[in-house]
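Trainee: Could you take one part of this model and walk me through it closely? I'd like to hear how the residues there sit and what they touch.

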Amino acid sequence: MTRAAALLVVVAAAAGTARADLRDTQGGAVLRYEAGDVHALDDHSEPRDLALAGAHLDGVLLFGRHVGYHAQLDLAAGTTLGRAGFAYDVSLLPVGVALRFGDTQLVGVAGGVGAMGAVGSIDDAATFPIEAFADLALGAHLRVMARARATYLAGATVREDHQPELDAQLAVRLGHRYREWGFPSGNGYFVGGEYRELAGERFAGVIFGYAIDLATAPQR
């Protein structure tokens, strides 16, 4: 199912171009299912933990062999621990640029809008994130996934005093490489660490999940 979803992103992007022949269109997608928990590093901070789970989708439509348009969708929900309350973090980053190396390796940056908060503990705010990411191969079965985000806020007075809020992740994925319907692809499970600065407090913790990447075959 995840392979089909990633393939749909590539095909949909191709359909929106002036060329009708898919073979002339270059692009790719990375879909991640992720769960994680970050713990407050400061003794006086509340909530003590923020646990979120969700999905993240990156899509790239290349203008040539290496440079292209990048868009990203992030959907996550969960809870705060200590002062339990529903938490959410959603964003759409439709304005971005990416570079592709090899078959499916991507590096890029994007910006957009979103919302983030938690009932009773983190003030709800409109968010304006700027994120840089890298998804790189270290051999046939190992990949490194890195993300760094700076988020500007509106609508939350207390949090606005500490903007931009920061979020960084570094993870290692172990899996397989193959060609699905002629498309270079791969999938596997990943684990890593996360650091956040949220509402003036510092958090650190772990993330884990499953990811799949899919791309059109590079032009030679």
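Mentor: Let's settle one term before we look: a residue counts as buried under 20% relative accessible area, as exposed over 50%, and as partly exposed in between. Keep in mind, too, that this is a predicted model.

Start with Phe86. Its relative accessible area is 49%, so Phe86 is partly exposed. Tyr88 has a value of 21%, so Tyr88 is partly exposed as well. Now look at the two side chains together. A pair of aromatic rings is described by the distance of the centres and the angle of the planes. For Phe86 and Tyr88 the centres are 6.2 Å apart and the planes meet at 20°; planes under 30 degrees apart count as stacked, so this pair is stacked. The count of aromatic pairs in the model comes to 2.

From Phe86 you can step across to Ala118. Setting aside neighbours within four places in sequence, Ala118 is in contact with Phe86, and also with Thr80, Ala87 and Asp124. Ala118 and Ala87 both belong to the largest nonpolar core, which has 11 residues. Its other members are Val38, Ala40, Leu50, Leu52, Ala76, Met116, Ile122, Leu198 and Phe203. Strand E1 (27–40), strand E2 (49–62) and strand E5 (105–118) are the elements that each give two or more residues to this core. There's also a second, separate core of 6 residues, with Val30, Val60, Ala98 and Phe133 among them.

While you have the model open, swing over to a pair of loops with odd backbone geometry. Most residues other than glycine have a negative phi, and most peptide bonds are trans. Ala199 goes against the first habit: its phi is positive, about 55°, although it is not a glycine. You'll find Ala199 in the loop between strand E9 (183–198) and strand E10 (201–215). With a relative accessible area of 26%, Ala199 is partly exposed.

The second habit is broken between Gln163 and Pro164, which are joined by a cis peptide bond with omega about 0°. Pro164 lies in the loop between helix H2 (157–160) and strand E8 (165–180), and its relative accessible area of 28% makes Pro164 partly exposed. Leaving out neighbours within four places in sequence, Pro164 is in contact with Ala150, Thr151 and Tyr152. And here's how the two spots relate: Pro164 and Ala199 are 35 residues apart along the chain, with their C-alpha atoms separated by 9.5 Å.

Technical notes. Residues numbered from 1 in each chain as written. Predicted model: local features only at pLDDT ≥ 70, side-chain atom pairs only at ≥ 80, totals over all residues. Heavy atoms only, no water. Core = buried A, V, L, I, M, F, W, Y, C linked by side-chain atoms within 4.5 Å. Buried < 20%, exposed > 50% of the residue type's maximum accessible area, 1.4 Å probe, protein only. Helix = DSSP H or I, 4+ residues; strand = E, 2+ residues; numbered from the N terminus. Contact = heavy atoms within 4.5 Å. Phe/Tyr/Trp six-rings, centres within 6.5 Å; stacked < 30°, edge-to-face > 60°.
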